[in-house]
Amino acid sequence: MNSTRSIVAVLCDHQCSPNGPVQASQLQKRLSESTSIDKLIVLQKACQDQEKKLKNIAGQKVLFAGCPYLEESGFYTRAAENLGLGPGEMLVTDVKSSIFDLYESSETIEDNLVGRLESLGRLLADSVAVKEPPVKLKRNVLIFGSGLSGLKAALELSGEKLSVDLVETEDQPVAPGCLAGGLNAPGQIEELTEQARGSEHVAIFPYRQMGPIQTVEKGFTVSFDGAQQREYGAVIYAPERIEAPAEEVGAWNLTRLYSRIMEGHSIKGRIVFILDREGETAPEVVRDVLTAAKAIKERSHAEIWILLKQVRVALPGLQELYDLAREMGIIFVKYQALHLKNDFGDFQIDGQDPQTGAAFQINKPDRVILPGRSGLSQAAVQVANSLGLRLYNDTYTQPYSLWRLANESNHPGVLVCGSARGNMDASGVAEDAASVVLALKQRLRGEGIIPVEHLASVDKDKCAYCLTCLRVCPYGAMVKNVEDRVAQVITTACQGCGVCASECPAEAITLRNLSQESVLAGMHKLLFSSI
Amino acid sequence: MASKKVCVVGAGISGISVANDLAQAGIDVFLVDKNPYPGGQSVFYGCKAADECVRCGVCLVREAVATLKNKTGAECYFSSRPVGLRSSNGSMEIDIQSSANLIDWQACVECGRCVDACPEQAIEKVPGWKYFVNEKCTACGKCVDACPVGAISLKRSKEQITIQVDGIVLAAGYEPFDPAINRKWGFGTNPRVLTGSQMEKLFFEEKYLPVKAQNVAFVQCVGSRSTMEGEKHCSRVCCAYALRMSGRLKQEYPDLNIDLYYMDIQRFGKNFDQFWDQIKGKINLIASNPISIKTDDRGLPVVRYESLPELACREQTYDIVVLSNGISPARDAENLADLFNLDLNTAGFLVSPGNGSAGTNPGGIFTAGTCKRPMRIDDCVEDAAAVSRQVMHSLGVQVYP
């Protein structure tokens with residue numbers, strides 16, 4: 001850092017703001033008398049020919065004081081680039097025109113502004129060396145879960161010459177024939193596993209026990225099965241979703257049906273699928289059901305009934321699948337109320353047509369298939385908790401920013417991929433893996449990591465448990481602690497915006513400053529707080 | 001090595017997201033759009049948060065536009081369209097017919113004086129972006145005098161530019177379905193029958209309902225899942241936006257009675273669950289596709305529908321009827337398909353040339369966003385990320401430094 005540079009203040013005259021020119025001339029007079037500023041340059045008609053003038057001051061520290069319009073149009077950024085200034089070497093004050101209206105005496109403003117500029121100049125001279133290099137994370141990645149999404153992400157990353165460890169709990173076979181990879185994308189999972197095993201950048205191994213995940217400066221450290229600590233720059237969370245077993249004795253869930261079909265069993269007789277029985281079946285599950293029904297029909301002469309409350313077609317290609325299924329002779333029945341009589345595997349289904357109200361009955365079907373709710377396994381939930389990911393409905397992971405952009409979580413270096421984010425089909429997984437790679441790029445460069453400067457904290461004694469904060473928090477970072485009857489902050493989700501602190505009627509929430517030691521953060525605050 | 005160049009056709013949410021991602025990786029991006037502003041359809045949508053955020057994704061569009069303005073150094077050609085394409089060993093030449101922008105967006109300092117000066121309200125502000133001149137302009141020249149930086153010129157001129165690029169991303173977007181082609185909807189004859197797109201504009205202006213109303217009906221599947229109207233596909237967004245809108249209306253006007261006519265509620269993705277449980281108790285859900293929408297003596301729309309529990313035709317009068325119109329293929333999809341040598345599927349959307357959803361092909365032409373299939377805003381953002389990754393891969397740009 002070249003500390004011999006002198007400080008130059010550049011004052012842009014306020015051509016664009018209402019009282020601008022008059023105030024600017026007064027300000028210019030005061031600034032020229034200031035001692036901490038070595039040189040003052042005034043840009044007349046700042047918006048037009050400013051860049052020529054700035055060439056004269058290249059190689060010096062620059063303090064800009066100018067109109068906010070210029071800031072918004074990116075003028076200062078461009079000027080800084082032209083002058084070759086680093087982030088700590090250029091400061092911009094926002095002299096908003098509204099400030100002039102706020103104060104009656106223009107002298108007060110000038111005092112304020114001059115004082116602020118002077119203190120900034122002093123700060124700048126002292127602390128330019130504080131500029132920190134961006135944190136570069138280590139270039140190896142840990143992926144939890146070796147399903148379709150984990151494998152896709154691993155292969156995408158190994159193409160970028162990052163070393164990848166793909167881990168899976170031991171009781172799960174590595175790369176099981178999961179639902180998405182089974183019938184919808186035949187042979188894909190085996191092919192991908194083969195590719196991954198052949199790649200020099202990918203290591204696949206099962207583990208029995210996982211040590212705690214610790215955050216270190218450049219990433220994470222984890223140990224598996226008591227072995228040596230391994231260090232990773234980023235973690236991708238891509239666990240498998242497991243379908244719950246069917247709730248009725250003798251009925252199958254989809255996973256069981258799939259494995260039967262994949263093993264080559266032919267399924268015959270009268271087969272009844274019941275959808276929308278408890279809650280509503282997701283369209284991705286409907287697709288799995290239709291694919292399975294199609295596969296059965298192709299292999300044997302089965303009579304297939306699909307009972308549903310609503311036709312769900314909101315996925316690409318699902319409408320065509322419905323049409324195809326109807327052509328193949330699969331019977332669709334809309335029902336209103338359904339009663340399932342189960343005598344140890346002998347079923348009797350009584351239903352009612354929603355349009356006519358007429359009752360219908362299906363007697364002794366050979367097989368009843370009830371798609372179950374799918375969710376994360378216990379092991380996957382544990383991993384999510386230790387990574388600081390939040391679970392939504394106990395089934396999907398939902399860090400606050402997950403929906404906004406590719407798979408990001410608030411935790412630096414932790415990304416979520418695949419069906420842990422919600423029901424997803426094979427093409428969705430491919431899309432997801434590609435966007436994970438793009439998001440990781442930012443993380444590994446240290447770009448995507450924005451340090452949170454403030455964090456909300458709740459005073460337990462003052463909290464009235466009115467839950468106003470839960471309603472107002474834009475990031476969903478507040479939860480209720482039912483036992484203690486207080487509101488609680490999820491620290492990984494809190495962005496320190498302060499909405500909760502201002503809304504809390506009991507004044508129980510305060511913002512804690514996390515980086516008071518950082519001079520740059522202090523300067524930032526000084527610059528952008530109102531005078 | 002000279003930096004690679006990519007032309008992105010369409011500056012909607014998908015196009016902008018692709019441009020932002022590519023520019024960040026050091027690729028020179030040319031952004032072409034037929035509108036005089038970026039953002040496409042969704043930039044004029046309004047936030048639908050009632051008590052809490054319902055994740056409609058409108059803020060994502062504004063964020064993306066602001067990033068384009070402040071960070072991305074993309075070269076933008078607005079009021080322009082591609083007219084020709086020549087390719088020879090790997091590199092392509094694309095001809096762009098471009099009209100000069102009336103407001104030079106790089107010089108504009110957003111003081112807003114032109115808006116005050118204009119007598120015709122012909123200058124509009126785009127959220128996250130700057131100003132543009134709409135078709136109401138009479139070229140009176142008052143804004144030219146008002147502008148402090150001389151950014152406005154009202155000379156309209158056309159020119160044809162040729163740029164050499166290594167890849168092209170098509171993000172041509174969609175066209176909202178126009179219910180006027182089917183007279184049963186009564187749209188166009190009765191001003192109290194609105195489309196969802198018109199409602200979005202009202203939400204954007206924070207007016208919500210144009211007149212005082214007691215009863216409001218939403219009609220789903222207008223221009224979706226209908227063989228008669230030639231749109232057999234499901235538009236994937238209408239159920240969600242109609243429910244989000246009714247939630248917001250219910251908050252604005254607590255006494256409002258809202259009926260929703262539907263065929264099947266399409267629950268899609270996990271964000272849907274979040275508000276479905278809250279909203280379904282507040283509105284009346286009627287499982288029926290209306291037979292017709294007529295106008296009564298007082299000028300109010302009458303919805304005639306088949307009531308399933310009673311098995312009879314019933315008529316109900318409303319103050320406002322909102323037709324949840326679906327997503328139709330872009331109007332110039334056929335021209336684009338001809339120009340870029342792509343196929344159209346049976347619904348009329350562009351077929352992505354590769355196998356995956358983020359399409360790629362050896363010719364270097366990619367498709368992104370709603371020109372492929374109906375998508376929500378956050379779907380578009382994710383798709384754009386996947387497509388830009390594919391573009392980088394095919395151009396041999398290292399994603400990591």
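This is a short tour of chains A and B, stop by stop, for use with the viewer open.

**Before you start.** This is a predicted model, in which local features need pLDDT of at least 70, side-chain atom pairs count only at pLDDT 80 or more, and totals for chains, interfaces and linings use all residues. Residues are numbered from 1 along each chain as its sequence is written, while chains are lettered from A and ligands numbered from 1 in the order in which they are written.

**Stop 1: chain A as a whole.** Select chain A, which has 17 helices and 27 strands. Helices (H or I, at least four residues) and strands (E, at least two) are DSSP runs, numbered from the N terminus. Of its 531 residues, 38% count as buried. Here a residue is buried if 20 or more other C-beta atoms lie within 10 Å of its own, exposed if 12 or fewer, and partly exposed in between, with C-beta atoms placed from the backbone.

**Stop 2: a five-stranded sheet.** Stay in chain A and colour the strands β7-β6-β5-β11-β23, which in that order form an open sheet with parallel pairing. Two strands pair if DSSP finds at least two bridges between them. Look for β7 (202-207) and β23 (414-416) of chain A at the edges: each has a single partner strand, so one side of each is left without a neighbour in the sheet. On average, neighbouring strands of this sheet are turned by 20° against each other, direction ignored.

Now zoom in on β6 (residues 163-169) of chain A, which pairs with β7(A) in the parallel sense over six bridges. Pick A:V164 and you will find its bridge partner, A:V202, in β7(A).

Next, show helix α7 (residues 148-158) of chain A, which lies across β5 (140-144), β6, β7 and β11 (234-237) of chain A and runs at about 165° to β6(A). Such angles run from 0 to 180 degrees between N-to-C directions, and the axes are lines fitted to C-alpha atoms, for helices over the stretch in contact. Contact means that the C-beta atoms of two residues, placed from the backbone, lie within 7 Å.

**Stop 3: a helix with two faces.** Select α9 (residues 188-198) of chain A and highlight its buried residues, A:I189, A:L192 and A:A196. They cover an arc of only 65° around the axis, which puts them on the same side of α9(A); the arc is that of the directions from the helix axis to the C-beta atoms. Rotate the view to the face turned away from the buried side, where the exposed residues A:E190, A:E194 and A:G198 sit.

**Stop 4: an enclosed strand in chain B.** Move to β18 (residues 320-325) of chain B. Six of its six residues are buried, so β18(B) is largely enclosed by the rest of the structure. B:I320, B:V322 and B:S324 point one way from this strand, and B:V321, B:L323 and B:N325 the other way.

Add β11 (residues 193-195) of chain B, which pairs with β18(B) in the parallel sense over three bridges; there B:T195 stands opposite B:L323. Then add β12 (residues 215-222) of chain B, paired with β18(B) in the parallel sense over five bridges. Here B:V216 has B:I320 as its bridge partner.

**Stop 5: two positive phi values.** While β12 of chain B is on screen, click B:C221, found in that strand. B:C221 has a positive phi of about 55° although it is not a glycine. Finish at B:S79, in the loop between β3 (75-77) and β4 (80-88) of chain B. Its phi is near 50°, a positive value in a residue other than glycine.
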